[in-house]
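Please look through the structure shown here with an eye to its aromatic rings and its nonpolar interior. The briefing below is arranged by topic.

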Amino acid sequence: EKMIGLKIHLDIASAKWKNVFPRLHSKVEEAAATAFLNAKKPAAFKNRFFDISILLTDDTNMKALNKNYRHKNKPTNVLSFPQLSLKKFRRTSLDVFPLKSAIPLGDIVLAFQTIKRESREQKKSLENHVVHLIVHGTLHLLGYDHTLLKDAKAMEKLECDILESLGYPDPYQDKTVRKIKH
């Protein structure tokens, strides 16, 4: 198996995230790395290095991002901003990046208050919900989508497999909480 390198940049922009659960940094990084390694990626990714930036923020900042980028004037739990379009991906798409330099995959942003509220409503631990949203966001950076039902089912299955490998429960067990609402 050829090596795929990944560096995760984690920025905690809101003090609300302080001490929310033990080993927040390492669990978030492990969730993103595991999702990255287990997702189906283009063959051209082999022997390349990638960066993912993760921002843990609050509802105020998330609302502004959601308004600017998605024209929805409300906070949401997670936003992903892919830097590569894997839908239009060609082997040569990575050629613009020097061989030894890291290729930015994109950014994942999480909003504390929304996630805390959803955790309570869905009777999930904050840790389980955060780790799931990191996996979900990472898959979005890699071109996964849940607009169509068949794509949603494939993405959910992959999320569940990744979470299980990390020791986390199926986030979709309660089928009334079917979709992640962005």
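What follows covers ring pairs first and nonpolar cores afterwards. The model is predicted, and five aromatic pairs are counted in it. The largest nonpolar core holds 44 residues, while a second, separate core has five.

**Aromatic pairs**

- Among the five aromatic pairs, Trp-17 and Phe-112 meet edge-to-face, with 5.2 Å from centre to centre and 75 degrees between the planes.
- Because Trp-17 lies in the loop between strand S1 (5-12) and helix H1 (24-38), whereas Phe-112 belongs to helix H3 (residues 112-121), this pair ties together parts that are 95 residues apart in sequence.
- Trp-17 counts as buried because its relative accessibility is 1%, and Phe-112 likewise counts as buried, at 9%.
- Phe-36, Phe-45, Phe-50 and Phe-89 are linked by ring pairs into a cluster, and Lys-41 lies over the face of Phe-36, at 5.0 Å from the ring centre.

**Largest nonpolar core**

- Within the core of 44 residues, the members that touch the most others are Phe-45, Ile-54, Leu-110, Val-130 and Leu-139.
- Elements giving two or more residues to this core include S1, H1, strand S2 (49-57), strand S4 (102-111) and helix H5 (149-165), but the largest share, eight residues, comes from H4.
- Leaving aside residues up to four places away in sequence, Val-130 touches Trp-17, Phe-21, Val-28, Leu-110 and Ile-115.

**Second core**

- Met-62, Leu-79, Val-109 and Ala-111 are among the five residues of the second, separate core.

Key:
Residues numbered from 1 in each chain as written. Predicted model: local features only at pLDDT ≥ 70, side-chain atom pairs only at ≥ 80, totals over all residues. Heavy atoms only, no water. Phe/Tyr/Trp six-rings, centres within 6.5 Å; stacked < 30°, edge-to-face > 60°. Helix = DSSP H or I, 4+ residues; strand = E, 2+ residues; numbered from the N terminus. Buried < 20%, exposed > 50% of the residue type's maximum accessible area, 1.4 Å probe, protein only. Lys NZ or Arg CZ within 6 Å of the ring centre and 35° of its normal. Core = buried A, V, L, I, M, F, W, Y, C linked by side-chain atoms within 4.5 Å. Contact = heavy atoms within 4.5 Å.
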